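Student: I'd like to learn how to read one helix and the sheet around it. Can you walk me through it?

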Amino acid sequence: MHMLKIDNLHARVEGKEILKGLSLTVNPGEVHAIMGPNGAGKSTLGNVLSGREGYEVTEGTVSFGGQDLLALEPEERAAVGVFLAFQYPVEIPGVNNTYFLRAALNAQRKFRGEDELDSMRFLKLVREKLKIMQISDELLHRAVNEGFSGGEKKRNEIFQMAVLEPKLAILDETDSGLDIDALKQVAEGVNALRSPARSFLVVTHYQRLLDYIEPDFVHVLAGGRIVESGDKNLALKLEAEGYAWLADKHPHLRKADLAGEAA
Amino acid sequence: MTSAPSPFVRAALDAAAGVPATGIAWLDAARRENLEAFAETGLPEGRNEAWKYTPLRALSQRALALADAAMAAGADVPGALFALPGVDGGRAVFVDGVFRADLSSLDAGTGVELAPLAVALAAQPEPLRFALANRYRRGAADAFAHLNAALATDGVVLRVADNAKVAKPLQIVHVTSGAQADTAWHARVLVEVGKGASVDIVEHFVSAGAATQLGTVVADYTVREGATLGLAILQDASPATTLIRRGQVRLDADAQATVHALELGGALVRHELTAEVVGDRARFDTRGVFALAGRQHLDTQLEVHHKARDTASDALWRGIADGRSRGVFRGAIVVAEGADGTDASLSNKNLLLSGSAEIDTKPELEIYADEVKAAHGATIGQLDERSLFYLRSRGIPLVEARSLLTLAFCRAALESLPNEALREHLGDLLVARLPASTAAE
């Protein structure tokens, strides 16, 4: 049984069509990397899947565990197991990180008909996850992402993922803005969360992240759809040769689709 | 005045005729003068700049009698109405402006004199002369100050002796009985914090019933050299209550005052808070939040006058307006000639939670000195969509996410309140008032 099945997805942002018939199937436990030039629609995919306002689906379906994902509110998608690690995590002054995370976890549990965690049980859970993520508990006492460095923000995303334990994690350019040490730390956190029941969509512009998070499949997203799929060697080829070679195989793609320019 | 007096003014003049003379010549004269000044100008109208955003047409048509003192003295007011965590010092409770010994506890510790104004006047009027014979500018902008001076027969006298450190916070409670429809009450508060002394005071406004009433309070706070005043204001009156309040703070050299205000209730509320920073190195900080819903109207007028060297003030105010409510904030920093070294800042941020709510904010800076650091800013906005989505993407439902962000927005103004139990209580009151429940409809 597949976990995620995207079929012929078309989506618009501000009236402009960005996704133009994207199809993708992800099975439990698989790690799929989505690569592609700038403006290909990589971030749009993550935003559409997590239900962000302003992203209008005009055609196609997304099934998550047999459920129509597109019919759900963002918070319901989270509760059924979709997690988006943001490219730019938002700073929320005045909202304590721990309070926020407990509110999120309990809201999800409530939605699923599970009992809510009291603060004792929650803290115990958080301590376990902190150990895995190697994050200092000092971050917990601060406001959500406020004053966090770029690396701290990304690690906080992965830490949230560890606590919320989603079925599908979408990492939206999690490597952007990270130096190599921070990148390794984030990747280690992700790897610790890999399991036969959990799938990942790793959206990235660079192959570098895939040295540390080894994908089962690599897809090239260009011109709003998946134009090439393969294993991790595809990522290496893209790293070595860029995207231009795809034009020979896919004549319908415009040069701009592959050059990474905003068309 | 060319037109005939309004029902409000006529009723006030009738009410004054029933107020007995004190026999203290200067006080009776002052009352008379204030009544004349009020009768002459009537209530401020729309073209009055200071009242531009707070129309009083509806109020001017109401004929309000004075609240009946005997009824106020017998009104049933449960203690739970004004019980506050972390506030366990002396307490003076007034119901419709009438002192209630049965609800009060005037023993506030050594070095503190806490007494009803009427009692203090009967004992020794002369020390109160300066404050009570004070002349306001003649003009409609000060109409309620005149009215209060003419009609307030009771209130609070609180004196903290030099160098006394009052450990427990004192509480001044103004209960509107809500049991005397179409009446008004008036109270006068006089606080003096002696040299080097320190005290925390909570000014608390509540209603015990739902009848439509007006209350006016004029409060003077004199903070002597090197003294420290912490003032927390909690206004949680019924949605039928009109409150017109004026606070006047005077700070001598090296004095400090910090005001935290949480405004939740009332139908029409005006709060004028003016500080005269007259002593070198004195400091006046204010923090305030209002949360409005329904058809509430709240008008905050803050003025800080820096009149000495090396003084400082910092004002941080937040407002949220839901439903068809209207919030008004005017914050003025005035730095007088020669007040060099002044460091003043003012920030007012507001959130509109509904398309029908309105907030008008007006920061003002008037600087007549040379070496001054002054900053001010005001914004009106909506909840940040990116933050909302971030919270929702983690599973927090929209309604809860809105309430969480709104609370976070307000919290900045309350978090510096040192009394932790009180701070948490105010936070809880605020949460309960946030529009989560209305948005869930």
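**Reading a helix and its sheet**

Tutor: Start with burial: the buried residues of α10(B) are L422(B), L426(B), L430(B) and R433(B). Buried means 20 or more other C-beta atoms within 10 Å of a residue's own, exposed means 12 or fewer, partly exposed lies in between, and C-beta atoms are placed from the backbone. This is a predicted model: local features need pLDDT of at least 70, side-chain atom pairs count only at pLDDT 80 or more, and totals for chains, interfaces and linings use all residues. Residues are numbered from 1 along each chain as its sequence is written, while chains are lettered from A and ligands numbered from 1 in the order in which they are written.

Student: Why are the buried residues of α10(B) on the same side?

Tutor: An α-helix has 3.6 residues a turn, so residues three or four places apart point the same way. Here the buried ones cover an arc of only 80° around the axis, which puts them on the same side of α10(B); the arc is taken over directions from the helix axis to the C-beta atoms. On the other side, E420(B), D428(B) and A432(B) are exposed.

Student: What covers the buried residues of α10(B)?

Tutor: The cover includes β10, β12, β14 and α9 of chain B, with contact meaning C-beta atoms, placed from the backbone, within 7 Å.

Student: In what order do the 10 strands of the open sheet run?

Tutor: In chain B they go β3-β2-β6-β8-β10-β12-β14-β16-β18-β20, with mixed pairing; strands pair if DSSP finds at least two bridges between them. The edge strands, β3(B) and β20(B), each pair on one side only.

Conventions:
Helix = DSSP H or I, 4+ residues; strand = E, 2+ residues; numbered from the N terminus. Contact = placed C-beta atoms within 7 Å.
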